[in-house]
Amino acid sequence: MTSDPVIRLEGLTHYYGAKAAAYEVSLAIPPGQVFALLGPNGAGKTTLLQMLLGFLAPTRGRALLFGCDSQALTPDIRGRIGYLAEGHHLYGWMRIRNLAEFTRSTHPRWGGERFRAFLDYFRLASDQKIQSLSNGQRACASLAAVLACAPARLILDDPTLGIDAEIRRDFLRGVVELVGRENRAVLFSSHILTDVERVADRIAILMDGVLRADLT
């Protein structure tokens with residue numbers, strides 16, 4: 001297995017007006033690592049992830065995924081990334097099976113058997129309606145859809161936000177177990193130290209947009 005970084009941030013900076021949401025952040029993340037970006041709400045975690053995914057242009061610096069600049073990600077590179085956005089925004093009128101159909105239509109590597117296996121793991125049924133799910137169940141349904149796309153890199157933006165402590169533990173344990181079976185790499189952000197210290201191989205601490213620590 002190559003040890004070349006799957007993710008590289010080089011002096012990544014973004015300003016909103018005069019305020020730096022991210023300032024001179026540099027990181028190199030190799031494959032096969034569960035990497036946690038820790039910091040309070042408003043620390044700049046989501047801004048960093050949005051730049052990494054090409055959703056937001058940096059003021060200066062650059063981010064690379066699999067060696068490709070994030071501002072010019074190819075369809076092939078995007079197809080290797082599984083992204084779970086903060087808040088688990090799903091259409092309430094859908095049933096879980098509709099979520100599967102919707103996701104499958106836009107992801108060529110979709111695996112129906114994988115999706116059903118993840119639903120079984122999280123004790124969800126395909127005929128359940130999204131609007132009837134708890135916050136924790138929505139998170140698990142979202143994760144199942146993302147993992148069914150067989151991503152080489154899984155990026156989770158504060159995935160346990162709004163979920164109670166017991167479900168958070170199960171959710172994160174599930175992420176590590178399910179992804180670890182296939183040697184997938186994980187980058188996730190969180191504002192809860194006890195969550196990340198259970199599952200992360202490495203933790204970076206972000207405060208006011210500045211990387212304060214990088215711990216293994």
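Glu24 is partly exposed, with 38% relative accessible area. I start there since this residue leads into the salt bridges. Before going on, a reminder that this is a predicted model.

Glu24 has a partner, Arg60, and the two make a salt bridge in which the closest N and O atoms are 3.0 Å apart. Arg60 sits in strand β4 and Glu24 in strand β2, residues 19-29, so this pair ties together parts that are 36 residues apart in sequence. Arg60 is partly exposed too, at a relative accessible area of 35%.

How many salt bridges does a search of the whole structure find? It finds four. I will go through two more of them.

One is between the side chains of Glu10 and Arg62, at 2.6 Å from N to O. Here Glu10 belongs to strand β1, residues 7-16, and Arg62 to strand β4, residues 60-65, so parts that are 52 residues apart in sequence are tied together by this pair. Arg62 counts as partly exposed, with 37% relative accessibility. For Glu10 the relative accessible area is 30%, which is again partly exposed.

Glu10 also forms a salt bridge with Arg8, where the closest N and O atoms are 4.0 Å apart. Arg8 has a relative accessible area of 34% and is partly exposed. Through shared partners, salt bridges join Arg8, Glu10 and Arg62 into one network.

Now the sheet that these residues belong to. Which strands make it up, and in what order? It is an open sheet of four strands, in the order β2-β1-β4-β5, and the pairing is antiparallel. At the edges are β2 and β5, each of which pairs on one side only. Between β1 and β2 there are seven bridges, in the antiparallel sense. To place yourselves on the structure, look for Ile7, which stands opposite Ile29 in β2. Helix α1, residues 45-52, lies across β1, β2 and β4, and runs at about 120° to β1.

On to the other sheet. This one is also open, with six strands in the order β6-β7-β8-β3-β9-β10, and its pairing is mixed. The edge positions go to β6, residues 81-84, and β10, residues 210-215; each has a single partner strand, so one side of each is left without a neighbour in the sheet. On average, neighbouring strands here are turned by 15° against each other, ignoring direction.

Take strand β3 in that sheet, residues 34-38. Is it mostly covered or mostly open? Mostly covered: five of its five residues are buried. Val34, Ala36 and Leu38 point one way from the strand, while Phe35 and Leu37 point the other way, and all are buried.

On one side, β3 pairs with strand β8, residues 185-190, in the parallel sense over five bridges. Within that pairing, Ala36 stands opposite Phe188. With strand β9, residues 202-207, β3 also runs parallel, and four bridges join the two. Ala36 comes up again here, with Ile203 as its bridge partner in β9.

What is the sense of the pairing between β9 and β10? It is antiparallel, over five bridges. One pair to look for is Ile205, whose bridge partner in β10 is Ala213. There is a helix to mention for this sheet as well: α5 lies across β6 and β7, the latter being residues 153-157, and runs at about 170° to β6.

Last topic, the backbone. Most residues other than glycine have a negative phi. Which way do Phe66 and Arg123 go? Phe66 is not a glycine, yet its phi is positive, about 50°. Phe66 lies in the loop between β4 and β5, the latter being residues 68-69. At 21% relative accessibility, Phe66 counts as partly exposed, because buried means under 20%.

Arg123 likewise has a positive phi, near 55°, in a residue other than glycine. Arg123 is found in the loop between α4, residues 112-121, and α5, residues 135-147. With a relative accessible area of 68%, Arg123 is exposed.

To recap the two sheets: one has four strands with antiparallel pairing, and the other has six strands with mixed pairing. The salt-bridge network to remember is Arg8, Glu10 and Arg62. That is what I have for today.

Notes
Residues numbered from 1 in each chain as written. Predicted model: local features only at pLDDT ≥ 70, side-chain atom pairs only at ≥ 80, totals over all residues. Heavy atoms only, no water. Buried < 20%, exposed > 50% of the residue type's maximum accessible area, 1.4 Å probe, protein only. Pairing = 2+ DSSP bridges. Contact = heavy atoms within 4.5 Å. Axes fitted to C-alpha atoms, helices over the stretch in contact; angles between N-to-C directions.
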